[in-house]
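Colleague: Could you take a close look at one part of this model for me? I'd like to go through the largest pocket.

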Amino acid sequence: MKLASLNEGRDGALVVVSRDLSRAVKVPDVAPTLQAALDNWHETEPRLQAVYRALNDGEAKGAFGLDMATLASPLPRAYQWADGSAYVNHVELVRKARGAEMPESFWEDPLMYQGGSDSFVGPRDPILAASEDWGIDFEAELAVITDDVPMGTSPQQAENHIKLLMLVNDVSLRNLIPGELAKGFGFFQSKPASAFSPVAVTPDELGEAWDGTKAHLPMVVHLNGELFGRPNTGVDMTFDFARLVSHVTKTREMEAGSIVGSGTISNYDRSLGSCCLAERRMLEKLEHGEPKTPFLRFGDTVRIEMNDASGASIFGTIEQTVAEYRGT
């Protein structure tokens with residue numbers, strides 16, 4: 001099943017989207033918003049699935065042609081956005097580029113930060129920044145949305161709480177990060193609003209590419225129309241999504257509609273490219289002594305997508321252009 005939110009009001013208007021992403025139908029009789037559907041998922045999910053089947057069969061009343069430009073992120077705002085760093089080889093590379101050893105604990109306990117979730121931007125909205133000097137970077141990731149997850153949930157139990165999947169562009173302002181981390185209190189100004197794919201999908205939409213805790217498909221990233229990377233999301237993922245959800249709930253519960261991100265997709269096979277500029281710059285520094293690829297500039301466009309085995313888009317595309325923020 002594929003779900004999206006029309007850009008109407010603060011929390012959007014829930015629509016069910018056809019498998020080929022061409023048509024949609026509003027479902028106010030089931031739930032007005034995606035958050036409302038998740039709040040009562042055990043009742044709304046089978047009703048939404050019935051609409052989805054009818055839509056794909058051409059029998060849904062009120063169906064309309066879908067324009068992706070009318071969509072917000074599936075959850076325009078969320079109760080929680082926790083982003084991990086599940087691809088530890090990426091962390092290892094970052095530290096190696098600056099000559100720092102990586103603690104062994106990084107291979108055993110996930111890194112995670114709690115990001116701002118009060119306002120996400122849409123998949124076609126611009127990446128706004130007041131200055132190119134901030135070191136604007138994209139990060140292509142996969143994320144899951146959960147239902148209510150109790151505190152102390154084990155990885156084995158957590159698997160059953162994963163209800164939806166989305167793509168993410170977790171924008172980072174790289175030149176602001178060192179100063180913030182030096183304070184010893186984590187990211188804040190260096191992590192502006194993230195964008196998510198036009199649609200969120202139930203795990204079964206990935207077919208055999210979803211093993212219950214990981215997706216085994218390439219994350220395809222283009223920068224200004226040129227292929228930048230296509231690493232596989234299921235390869236070199238040290239901590240799967242069940243482990244990440246379990247990590248969050250060690251000391252707290254998670255409310256329905258919580259989002260947990262994978263962190264930047266990264267493979268040891270560097271021939272597949274990268275999912276962020278920082279990784280390419282790190283590899284250049286190790287090879288040439290200094291990075292050569294610049295961070296994003298105003299006018300640059302990033303495209304992030306994931307296709308199934310037949311080449312069809314699963315989530316729709318995140319396509320964002322960097323623009324100068326000039327104030328309100």
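Colleague: Which helices and strands each supply at least two residues of the lining of the largest pocket?

Modeller: Happy to, and keep in mind that this is a predicted model. Five elements fit your question: strand 5 (81-84), helix 3 (88-97), strand 6 (112-114), helix 5 (177-182) and helix 7 (277-288). Helix 3 gives the most, putting five residues into the lining. As for the space itself, the largest pocket holds about 1,000 Å³. It has 32 lining residues, and if you want to start from the middle, go to Val94, Arg174, Ile177, Leu181 and Phe187, which are the closest to the pocket centre. Sorted by class, the lining comes out as 15 nonpolar, seven polar and ten charged residues.

While you have the model open, here is a word on the cysteines. Searching the whole structure for disulfides turns up zero. Cysteine 275 is in none, and its nearest cysteine sulfur, on cysteine 276, sits 7.6 Å away. Since a disulfide needs two cysteine sulfur atoms within 2.5 Å, that 7.6 Å separation rules the pair out. Seen from the other side, cysteine 276 is likewise in no disulfide, with the sulfur of cysteine 275 as the nearest one. On the exposure side, cysteine 275 is buried, at a relative accessible area of 0%, and cysteine 276 also counts as buried, at 0% relative accessibility.

Note on methods:
Residues are numbered from 1 along each chain as its sequence is written. This is a predicted model: local features need pLDDT of at least 70, side-chain atom pairs count only at pLDDT 80 or more; totals for chains, interfaces and linings use all residues. Side-chain values use heavy atoms; hydrogens and water are left out. On a 1 Å grid over the protein atoms alone, a cavity is a set of points where a 1.4 Å probe fits but cannot get out, and a pocket is an open set with protein on both sides within 12 Å along at least five of seven lines; lining residues have an atom within 4 Å of a point. Grid points are joined across faces, edges and corners, and a volume is the space filled by probe spheres set on the points. Helices (H or I, at least four residues) and strands (E, at least two) are DSSP runs, numbered from the N terminus. Ala, Val, Leu, Ile, Met, Phe, Trp, Tyr, Cys and Pro count as nonpolar, Asp, Glu, Lys and Arg as charged, and the others, Gly among them, as polar. Buried means under 20% relative accessible area, exposed over 50%, partly exposed in between (1.4 Å probe, protein chains only).
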